[in-house]
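Hello,

Here is the structure I promised to pass on to you. Please open it and have a look around before reading my notes underneath.

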Amino acid sequence: MAYDIDYIRSQFPILDQQVHGRPLVYLDNAATAQKPKAVVDAISHYYYNDNANVHRGVHTLSQRATDAMEAVREQVRDHIGARESAEIIFTRGITDSINTVAFGMGALIKPHQNVVITALEHHSNIVPWQMLCERTGATLRYIPINEKGELVLHSLEEIIDEHTAMVAFNHISNSLGTINPVSTILARAKEVGAWTLVDGAQSGPHAKVDVQEWDVDFFTLASHKMYGPTGLGVLYGKRERIEALPPYQGGGEMIATVTLEKSTYAAIPHKFEAGTPHIEGVIGFGAALKFMNSIGIEAIAKHEAELLDYATESLSSIEGFRIIGTADHKASVLSFLVDGTHPYDLGVLLDQQGIAVRTGQHCTQPIMDQFCIAGTARASFAMYNTKEEIDLFKAALVRAVNMLR
Ligand code: 7TS
């Protein structure tokens with residue numbers, strides 16, 4: 001079936017507007033994607049018809065809300081190929097998912113052990129592990145990157161050793177777009193018996209992932225990067241792993257019994273879902289997954305790869321244009337600098353022409369340090385972007401550069 005871009009764009013009413021008198025060109029999708037009507041409608045429908053708290057009421061609305069939420073848990077299970085829906089935990093986002101694992105590991109890790117991350121991580125996959133190591137005396141190690149922004153794997157056997165408790169890394173880099181060799185790293189981690197976590201923040205919207213095929217212990221997703229609501233993430237964990245982890249937060253809904261002296265915890269996944277969950281978020285995320293799958297994640301990835309190739313080639317003709325992150329395998333992200341200009345100034349001048357890009361460190365300061373730069377401007381693509389938009393982006397960038405030089 002042909003990729004019906006007009007239909008897709010018609011499903012995102014927010015795109016049809018002017019910013020500073022110019023048509024909006026939204027190229028900040030790695031930060032958050034826009035939401036299709038189906039998501040907004042599912043949330044409205046929930047509030048107009050079914051709103052109630054979940055897992056506690058015998059009344060009809062509570063049961064409807066519970067059924068709707070649990071149906072999405074099953075949808076997520078199916079989407080990532082998990083064995084059972086009890087392995088799908090709803091969190092507040094990727095940050096919350098990683099903190100849940102890093103906190104829980106505090107009870108399990110020993111001071112002589114180490115945690116391995118990479119130099120390509122978002123701060124949310126660095127800081128929680130630093131905190132874990134500070135609390136426990138374990139050591140933090142990282143896999144370095146080369147000048148193209150690719151992981152350097154030739155020392156993998158020394159970095160991941162028999163004392164490695166956890167190997168945590170992203171599938172796709174949010175600031176450079178590098179697609180990492182997940183299976184190679186997981187294979188080495190498994191050789192030494194380390195636990196593994198893959199941060200799927202940027203793969204969720206761009207790639208099909210099967211957690212059993214990877215045989216990964218933990219995997220994370222962010223609803224808001226997958227056309228769903230903000231404030232909701234997913235933590236997938238293999239049953240035996242999440243059963244072994246102590247919970248991160250205590251409170252209602254995560255318990256089996258409570259006396260004033262002691263509590264016992266509920267079975268997974270509820271052990272990790274203390275308090276009233278983000279019910280509307282879960283319902284909206286279900287609609288987002290359904291919408292994304294109706295277009296087809298492979299078709300979306302192909303479309304975005306064409307946009308990335310087109311943008312890379314087209315923008316490279318601008319004098320002084322420099323791409324930061326030139327990995328052989330990349331997805332949907334174009335981070336760049338233009339000689340003689342500051343990325344922040346470019347971002348402001350692009351915005352004045354209707355073009356939304358992100359500027360700065362993209363929560364990946366160690367990457368910027370490695371490239372000896374303060375930050376980049378970043379264009380990131382989604383299912384609804386077009387080559388015409390990239391032409392508008394290029395024309396606006398040329399104008400901005402001419403004003404600044
Ligand atoms: N990991 C990666 C790879 C990410 O891209 C992000 C967010 C996170 C973790 C954190 O996700 P959160 O939903 O908990 O905030 N990345 C970005 C970005 O590139 N621009 O804004 C947010």
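Below is what I found in it, going from the whole chain down to a couple of cysteines.

First, please keep in mind that this is a predicted model.

Let me start with the overall build. The protein chain contains 14 helices and 17 strands. Its C-alpha atoms occupy a box of roughly 70 × 55 × 40 Å along the principal axes. For 405 residues, a compact globule would be expected to have a radius of gyration near 22 Å, and the protein chain has 22 Å, so the two agree.

Next comes the packing. Of the 405 residues in the protein chain, 55% are buried. If you look at contacts between residues at least 6 apart in sequence, 71% of them join residues at least 24 apart.

On the outside, the accessible surface of the protein chain is about 17,000 Å². Carbon and sulfur atoms account for 52% of that surface.

As for charge, you will find 33 positive and 47 negative side chains in the protein chain. The centres of these two sets are 2 Å apart.

Finally, the cysteines. How many disulfides are there? The count is zero, taking a disulfide as a pair of cysteine sulfur atoms within 2.5 Å. Two cysteines you may like to find in the viewer are Cys363 and Cys372. Cys363 has a relative accessible area of 27%, so it counts as partly exposed. Cys372 has a relative accessible area of 71%, which makes Cys372 exposed, since the cut-off for that is over 50%.

Enjoy exploring, and write back whenever you like.

Best wishes

Terms used: Residues numbered from 1 in each chain as written. Predicted model: local features only at pLDDT ≥ 70, side-chain atom pairs only at ≥ 80, totals over all residues. Heavy atoms only, no water. Helix = DSSP H or I, 4+ residues; strand = E, 2+ residues; numbered from the N terminus. Rg over C-alpha atoms; globule rule 2.2 N^0.38 Å. Buried < 20%, exposed > 50% of the residue type's maximum accessible area, 1.4 Å probe, protein only. Contact = heavy atoms within 4.5 Å. Areas by Shrake-Rupley, 256 points an atom, 1.4 Å probe, with all protein chains shown as cover. Lys, Arg positive; Asp, Glu negative; His and termini not counted. Charge placed at Lys NZ, Arg CZ, Asp CG, Glu CD.
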